[in-house]
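Colleague: Could you take me closely through one part of this protein, the place where two of its helices pack against each other, and then set that part in its surroundings? I would like one connected account rather than a list.

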Amino acid sequence: MRTPSRSPLIRAPQVAAAAPAGHTAAELATLIDLLAAQRPRIDTVTLGHGRDAASSAAVQAFARAWRARGGQVLTVVAWPESAASWLRPARRFAAGDPDAWVVAGAALGWAQMSRRLRHSTSWDPARTFAFASIGSTDIVRLAGPGTLDGLRGAAADGGTWQIGRHSITHAGPQT
């Protein structure tokens with residue numbers, strides 16, 4: 001667990017707080033495939049999402065698909081787009097030692113949540129997978145250097161993306 005020298009809160013909104021678009025079938029299938037391909041095998045997941053309708057629907061769809069494969073969902077945590085503190089949702093999200101975390105949300109809310117996770121918990125972005133709404137350059141800029149290194153996810157077209165060393169790399173869908 002890190003001991004912060006200053007608050008991880010982003011003080012001034014540095015990006016418009018727009019609600020994410022709804023997820024696609026290709027995106028959901030790719031996300032499930034990303035988790036299923038991991039070794040050691042991923043069985044238990046904790047799910048997290050912003051409080052907007054699209055993010056909630058994406059996580060619900062993932063939970064149904066994951067359970068249909070025989071996987072377990074330990075908990076589902078929703079976080080606000082803006083708050084005085086993300087400590088309570090961050091602790092709930094990081095608890096339980098899941099095999100992986102799966103997230104959906106808008107840039108600003110996830111940046112705030114991930115900064116609190118890195119400063120206050122043992123959460124590991126390399127064990128975290130996300131919907132397309134998280135895979136933006138705004139996330140990398142807002143969260144700050146090193147906060148999200150290793151986080152990966154699915155693009156709306158069924159492609160993939162991964163964050164590392166101050167950048168985000170996208171790969172097209174497999175044909």
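Modeller: Two residues are said to meet, or to be in contact, when heavy atoms of theirs lie within 4.5 Å. The model is a predicted one, and everything that follows should be read with that in mind.

With that cut-off, the packing of helix H3 on helix H4 can be described residue by residue: Leu87, Pro89, Ala90, Phe93 and Ala94 come from H3, and they meet Trp110, Met113, Arg116, Leu117 and Ser120 of H4. Sorted by class, the residues of this contact are 8 nonpolar, 1 polar and 1 charged. Arg116 is the charged one and Ser120 the polar one, given that Arg counts as charged and that residues such as Ser, outside the nonpolar and charged groups, count as polar.

As for the geometry, H3 covers residues 87-94 and H4 covers residues 107-120, and their axes run 9 Å apart at an angle of about 70 degrees. Angles of 65 to 115 degrees count as roughly perpendicular, and H3 and H4 are therefore roughly perpendicular to each other. The crossing in which H3 passes H4 is right-handed.

Around this pair, the secondary structure of the protein amounts to 5 helices and 7 strands, which follow one another along the sequence in the pattern α-β-α-β-α-β-α-β-α-β-β-β. Among contacts in the protein with a separation of 6 or more, 72% join residues 24 or more positions apart. Of its 175 residues, 51% count as buried, while the surface that the protein exposes comes to about 8300 Å², with carbon and sulfur atoms supplying 51% of that area.

Another helix, H2, which spans residues 53-68 and includes Gln60, offers two residues with contrasting surroundings. Ser56, which also has its place in H2, has a relative accessible area of 18% and is therefore buried, since buried means under 20%. Leaving aside residues up to four places away in sequence, Ser56 touches His49 and Gly50. Gln60, by comparison, has a relative accessibility of 44% and so counts as partly exposed, a class that lies between the 20% limit for buried and the 50% limit for exposed. Although Gln60 and Val76 stand 16 residues apart along the chain, their C-alpha atoms are separated by 9.2 Å.

Conventions: Residues are numbered from 1 along each chain as its sequence is written. This is a predicted model: local features need pLDDT of at least 70, side-chain atom pairs count only at pLDDT 80 or more; totals for chains, interfaces and linings use all residues. Side-chain values use heavy atoms; hydrogens and water are left out. Axes are lines fitted to C-alpha atoms, for helices over the stretch in contact, and angles run from 0 to 180 degrees between N-to-C directions. Helices (H or I, at least four residues) and strands (E, at least two) are DSSP runs, numbered from the N terminus. Angles under 35 degrees count as roughly parallel, over 145 as roughly antiparallel, 65 to 115 as roughly perpendicular and the rest as oblique. A crossing is left-handed if the near helix is turned anticlockwise from the far one by less than a right angle, and right-handed if clockwise. Buried means under 20% relative accessible area, exposed over 50%, partly exposed in between (1.4 Å probe, protein chains only). Accessible areas come from the Shrake-Rupley method with a 1.4 Å probe; for residues, only the protein chains shown count as cover.
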